[in-house]
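How do two helices pack against each other? Look at the sequence and structure below, then read on.

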Amino acid sequence: MLAQALPAQILPIKEYLLAGVTAAVVTFLLVGPVRVLALQVGAVAWPRGRDVHVTPTARWGGLAMLAGVLAGIAMAYQLPAMRLAFAYSEEMVGVVLASLILVLVGALDDRYELDALTKLAGQTTAAGVMTLFGVQWTVLPDVFLGGQVGLGREQGVLLTVLLTVALVNAMNFVDGLDGLAAGIGLIAAGATALFTMGLVLRNGNDPFVFTPALIAFVLAGACLGFLPHNFNPARIFMGDSGSMLIGLLLAAATTMASGRLTDVTTGGDLLALFAPLIVLAAVVFIPVLDLLMAVVRRTRAGRSPFAPDKMHLHHRLLEIGHSQRRAVLLIYLWAGVLAFGAVALALIDDPFVVLWAVGVGLVVAVLASSVPRARMR
C-alpha cells in the first residue's frame with residue numbers, strides 16, 4: 001500500500017524542497033520589477049463593473065511565476081537525484097514549451113484583451129504540445145471489472161487536451177479576488193505534491209515517477225512566492241498569464257501521475273486505481289464548479305459562456321456579508337478540505353477515519369460560510 005513508506009533518507013525530499021524554495025524566492029523577487037514593467041507598458045487592470053478592486057492594478061504577475069517555475073526546474077536539473085528524472089523522457093521539455101506558449105498568450109491578453117477564440121486556440125496549442133512530448137493520459141480505471149483500461153494514442157491525446165483546457169479555464173474563471181487563484185493554486189499543488197510523493201514511495205523511488213512531483217513542488221513554490229504580493233490588498237495581479245499557467249501545470253502533474261500507478265493492488269482496490277482521478281477532481285473542485293455554474297448561467301441567459309459577469313462563487317460570498325479576506329480564506333478552507341481529504345484517501349489505509357475527518361471539515365466550512373447570512377436573519 002502507499003502507506004508503507006521506504007526509509008526517509010532514500011526519498012529525495014530535500015531536492016524537491018530546494019526546487020520549490022528556488023521557485024518561491026525567484027518569483028517573490030521578480031514580482032517588483034515585473035510590476036514596474038507592466039505599469040510602463042500598460043498591462044493594467046482598470047476597474048470594471050464586475051470587478052472587486054477599485055484602483056488600477058498591474059497585471060503580468062504570471063511572468064514572475066513562470067520565471068520562478070523555470071528557475072525551480074533548472075535547479076532540479078543540477079541536483080543528482082532530480083537530474084535522473086530528465087533522462088527518462090522528454091515530458092518536462094513539453095511542459096516547459098507549453099508553459100511558455102500559454103504564458104505568452106496570457107500576457108498578450110493581459111495587455112491587449114484577446115478574444116475568447118484566440119485564447120482557446122492558444123490553450124489548445126499548449127495542451128497539444130504537451131501531448132507531443134508524451135504528457136497524456138494512457139490508462140483509466142475499469143469501474144466494472146477492476147484493473148485498468150488502456151487508451152489509444154488518439155483517445156489519450158483528446159482526453160488530455162480536453163482536461164487541460166478545462167483546468168486552464170477553471171483557474172482563469174476563479175481568479176476574481178485578491179489572493180484567490182494563488183492560494184487555490186498553492187493548495188492544489190501542495191495536495192498534488194503529497195500524492196505524487198506517495199507514488200514515488202510506492203514505485204520504489206524510481207526516477208521515472210519524479211517528474212510529476214517536481215512539477216507540483218515548483219508550482220507550489222511559485223504560488224507561495226507570489227501570494228504575499230497578491231493577498232488583499234493586492235499590489236499586482238497574476239493576470240491570465242498566471243492563472244492559466246497554474247491550470248496547465250496542475251493538468252500536467254496529474255496527467256503524468258495517472259501513468260505512474262503501475263503497481264496495482266489485487267482484488268479490485270478501486271481506490272488506488274481511481275486515485276489520480278480522485279485527486280484531480282478534488283484539487284480543482286471549487287474552480288471547476290465555478291466554471292460549470294458560469295457556463296450554465298450564461299447559456300440559460302442567452303449569452304456566451306465566456307461573457308463576464310459578477311455571479312461567481314466569490315461574488316456570492318461577498319454578497320452575503322463576507323469581507324474579501326474572509327471570502328478568500330473560506331474558499332481556501334473548502335479547497336483544502338477536499339484536496340487533502342482526497343489525497344488522504346489514497347495514502348491512508350483506513351478510509352473511514354479520513355471520511356470522518358473530511359465530514360467534520362465540511363461541516364466547519366458550511367457553518368463558517370453561513371455566519372453572515374445567519375446574522376442577517
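## Two helices that cross

H2 and H8 are oblique to each other, because their angle falls outside the ranges for roughly parallel (under 35 degrees), roughly antiparallel (over 145) and roughly perpendicular (65 to 115). Their axes cross at roughly 140° and come within 9 Å. Axes here are lines fitted to C-alpha atoms over the stretch in contact, with angles from 0 to 180 degrees between N-to-C directions. H2 covers residues 61-77, and H8 covers residues 210-230. Helices are DSSP runs of H or I with at least four residues, numbered from the N terminus.

The model is predicted: local features need pLDDT of at least 70, side-chain atom pairs need 80 or more, and totals for chains, interfaces and linings use all residues. Residues are numbered from 1 along each chain as its sequence is written, and side-chain values use heavy atoms, without hydrogens and water.

## Where they touch

Which residues of H2 meet H8? They are Gly 61, Met 65, Val 69, Gly 72, Ile 73 and Ala 76. On the H8 side are Leu 214, Val 218, Ala 222, Cys 223 and Phe 226. Contact means heavy atoms within 4.5 Å.

An α-helix has 3.6 residues a turn, so residues three or four places apart point the same way.

## H8 and the chain

H8 has 21 residues. From first C-alpha to last, H8 reaches 30 Å, close to the 30 Å expected at 1.5 Å a residue. Of its 21 residues, 19 are buried (under 20% relative accessible area, 1.4 Å probe, protein chains only).

The chain has 377 residues, and 53% of them count as buried.

Definitions and conventions:
Helix = DSSP H or I, 4+ residues; strand = E, 2+ residues; numbered from the N terminus. Expected span 1.5 Å × (residues − 1). Buried < 20%, exposed > 50% of the residue type's maximum accessible area, 1.4 Å probe, protein only.
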